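Reader: I should be grateful for a close look at one part of this structure, namely the part that lies beside the DNA. Please then relate that part to the rest of the assembly.

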2 protein chains.
Amino acid sequence: MKNKLNADIIDVANHAGVSPATVSRSFNHPDKVLLSTRKRIERAIAQTGYIRNRAAQAIQGKRSGTVGLIVPTLDNAIFSNLIQAFSEEMRLHGFTMLVTTHGYDLKDEYLLLRSLLEHRVEGVALIGHDHSDETYTLLERRNVPVVSMWNYKEDSKISCVGGENDQAGRAIAKHIVDLGHTEIAIAFPSVKENDRARDRKHGVLAYLAEAGLTVPVHRQIETVYSIANARNSAAELFEMQPRPTAVIAGNDVIAQGVIYAAQAKGLDVPNDVSVTGIGDFSGSASAFPSVTTVRMRPNKVGKIAASLLLERINGEDETDPSRIKVAVEVKSRESTKRCC
Amino acid sequence: MKNKLNADIIDVANHAGVSPATVSRSFNHPDKVLLSTRKRIERAIAQTGYIRNRAAQAIQGKRSGTVGLIVPTLDNAIFSNLIQAFSEEMRLHGFTMLVTTHGYDLKDEYLLLRSLLEHRVEGVALIGHDHSDETYTLLERRNVPVVSMWNYKEDSKISCVGGENDQAGRAIAKHIVDLGHTEIAIAFPSVKENDRARDRKHGVLAYLAEAGLTVPVHRQIETVYSIANARNSAAELFEMQPRPTAVIAGNDVIAQGVIYAAQAKGLDVPNDVSVTGIGDFSGSASAFPSVTTVRMRPNKVGKIAASLLLERINGEDETDPSRIKVAVEVKSRESTKRCC
DNA sequence: AATAGTAATGCAAACGTTTTCATTGATGCT
DNA sequence: AGCATCAATGAAAACGTTTGCATTACTATT
């Protein structure tokens, strides 16, 4: 009896006294194999230390057992909740996740997509709707199941799950206006190649404009997605005269940075200045002061996105994109207060 | 000319007027193919929209182009920095990363490892040294390149990269003792199946004991890795009499929760109570107050771990584990102050 | 000019599965 | 008893690459 390093399906078959076909079936269609045979096969697997080869399986055309996930970054709280939820749901259904990050570079995103397709992922999840033409073309050409997370868009080319970021922006702006603030500043990331931030920012400014408030350019600061950067960039806001009484941040991470910047200047949040985020990431509710934000339900989005993708993967070539809107809602917390 | 949905290497070969072997070589050993031929092949690839099939490649025995990463969770800042760094380095070398989480359940970890091996990952990265016997056995049996991140261990069975968590614990304890604190509490996660937390806690308590200080059990609280949980659990600490003047937390996330808990009780950090973390995650330096912690250099660890793993993957069956110690260092910041 | 060496390419046999089709034996129906 | 049906299994042909070996056409050496 040969003792190869790594047993293959034939070794298992020999051990169990059946054909390789039967072993294969016992994995993929267990109902088609006699219980007693299955037991023998399982014993043979244990004895030989066999681990099935998904690559060999994938080559048959279908079923690689993997899905791809492309996100801008893993490096902060922004996507953690989302990814964790997505990943758990996928795993429940036997899929393993290939994860890649492009650092907000859409050229890179395209390359990553290609690389995922080389691995024959059965589906792909992306963030938002800003993708290069090549990306969209490739997705369509290969007809690969795909879902976009984190931003709902009525006329999206691909299926999507998320809140309406424009609405989120309007909602938080309304909250601030309703509290009587008029000296308002905003702190957003670059909106280039980032539809979520763009929609939010647009929503905020549009609502404010409708309320008769304009935000002068020097009160619109741009920052990067990190507490450190946000804190640095926000510092200047609190030296302006008149000092803004409210700062609307593009997301909770930036909001946290803004809060720290204010505190470092000896200002009290919310008594001297109100600060809001968007997203409601884990942590925002427990911070002190807890931060007023817009709940975007990352866990729900991740889980639904996974289900949707699974449907596409298993489903009968539905051709139209599904779009699922997750309601957004302002969570009023300690970081905001009626003005003046 | 047949127009299959997805071109294969044969279609490309036909288009380019060469054999499939040559196309394959142009991918894997470009130096063995005439430049002009390569150009023709590239054109054919573009025309056919060919995307090579890694599964078919992987089946040849070597080179799946993937590595596996198994972490407890993606859901908070703990591992984000580490993973991002690891992932970037891997990508630079053409690898795609399969990511899985086990939620601190080592039985689950074993299953995940099996699943990664089914996908024939070329290497595996794990966190720490607490793994089930089955996990260790399987790794050895398959002889798969593996690296453990985040905790240095002199006699580890597998290669590892990380700081000495025991030292980290001692160092931060020394910092607190040197500041004159004697009423000390600690807030750690469960140390079950978690050698990093266990080593840190041990280091802290050992140093304190050597300094003649014992921490009564009611001042040792256990919490979960999240700001919300830490904040909740820590609240009780600030109702004790005498109130602790310093709280040593098991990591920066917990430290942040403790700080919020203190602030919510109207206490000032660091004037009423000093709080320390361990890890120096991104954000800890920019918080307000910035948090005193032990720098564990997650970025460095992730990057080195990736390099080490790549070496193993490409290397000549070195048999002994490599162990790389990353120096730990107390970063004294605003959250700690001389006592009383 | 004959020969050895070399670079570029093709041929065909793997790689480890899955799946279609065929075979066998058992069961139920008339 | 004869026949149709069905469940369980096996045989063999795929799946899309890679690679060792063979072939060809050059180049350099004598």
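**The surfaces beside the DNA and their setting**

Author: In this predicted model, helix α2(B) gives the most to the surface near DNA strand D, with six residues. That surface comprises 27 residues in total, and the closest to DNA strand D are Ser19(A), Thr37(A), Ile9(B), Ala21(B) and Ser24(B). Two or more residues come from each of α2 of chain A and, in chain B, α1 (9-16), α2 and α4 (54-58). Divided by class, the surface near DNA strand D holds twelve nonpolar, ten polar and five charged residues.

DNA strand C may be described in the same order. It is surrounded by 28 residues, of which Ile9(A), Ala21(A), Ser24(A), Ser19(B) and Ala21(B) are the closest. Here the elements that supply two or more residues are α1 (9-16), α2 (20-28) and α4 (54-58) of chain A, together with α2 (20-28) of chain B. The most residues near DNA strand C, six, come from α2(A). By class, this surface has 13 nonpolar, ten polar and five charged residues.

The relation between the two protein chains comes next. Two copies of a chain are related by a rotation about an axis and a shift along it. Chain B is superposed on chain A by a rotation of 180° with 0.0 Å of shift along the axis, and the RMSD is 0.1 Å. The two copies are thus related as by a two-fold rotation axis.

The chains also touch each other. In this interface, 51 residues of chain B are in contact with 51 residues of chain A. On the side of chain B that touches chain A, two or more residues come from each of α4, α5 (77-92), β2 (96-101), α6 (106-118), α7 (133-142), α10 (227-235) and α11 (252-264) of chain B. Helix α5(B) gives the most to this side, with seven residues. The side of chain B that touches chain A consists of 19 nonpolar, 22 polar and ten charged residues. Of the interface residues of chain B, 100% are also interface residues in chain A, so the copies meet through the same surface. Helix α4 of chain B thus appears in two lists: it gives two or more residues to the surface near DNA strand D, and two or more to the side of chain B that touches chain A.

Strand pairing also links the chains. Strand β2 (residues 96-101) of chain A is joined to β2(B) by three bridges, and the two strands run antiparallel. Within this pairing, Val99(A) has Met97(B) as its bridge partner in β2(B).

The domains of chain A place these elements along the chain. The assignment gives domain 1 (9-52), domain 2 (66-164 + 298-328) and domain 3 (165-295). The centres of domain 1 of chain A and domain 2 of chain A, taken over C-alpha atoms, are separated by 35 Å.

Further along chain A there is an open sheet of four strands in the order β7-β6-β8-β9, with parallel pairing. At its edges stand β7 (220-223) and β9 (274-276) of chain A, each with a single partner strand, so one side of each is left without a neighbour in the sheet. From one strand to the next, the twist averages 20°. Strand β6 (residues 184-189) of chain A is joined to β7(A) by four bridges, and Phe188(A) has Glu222(A) as its bridge partner in β7(A). Helix α9 (residues 195-210) of chain A packs on the sheet, where it touches β6 and β8 (246-249) of chain A, and its direction makes about 165° with that of β6(A). Helix α10 (residues 227-235) of chain A lies across β6 and β7 of chain A and runs at about 150° to β7(A).

Three details of the backbone complete the account. Most residues other than glycine have a negative phi, and most peptide bonds are trans. The peptide bond from Gln241(A) to Pro242(A), however, is cis, with omega near -10°; Pro242(A) is found in the loop between α10 and β8 of chain A. In chain B, the bond from Phe288(B) to Pro289(B) is likewise cis, with omega near 0°, and Pro289(B) is found in the loop between β9 (274-276) and β10 (293-295) of that chain. Finally, Arg120(B) has a positive phi, near 55°, and lies in the loop between α6 and β3 (124-127) of chain B.

Note on methods
Residues are numbered from 1 along each chain as its sequence is written. Chains are lettered from A and ligands numbered from 1 in the order in which they are written. This is a predicted model: local features need pLDDT of at least 70, side-chain atom pairs count only at pLDDT 80 or more; totals for chains, interfaces and linings use all residues. A residue is near a molecule or strand if its C-beta atom, placed from the backbone, lies within 6 Å of it. Ala, Val, Leu, Ile, Met, Phe, Trp, Tyr, Cys and Pro count as nonpolar, Asp, Glu, Lys and Arg as charged, and the others, Gly among them, as polar. Copies are superposed by least squares on the C-alpha atoms of residues with pLDDT of at least 70 in both. Two residues are in contact if their C-beta atoms, placed from the backbone, lie within 7 Å. Domain bounds come from an automatic or database domain assignment. Two strands pair if DSSP finds at least two bridges between them. Axes are lines fitted to C-alpha atoms, for helices over the stretch in contact, and angles run from 0 to 180 degrees between N-to-C directions.
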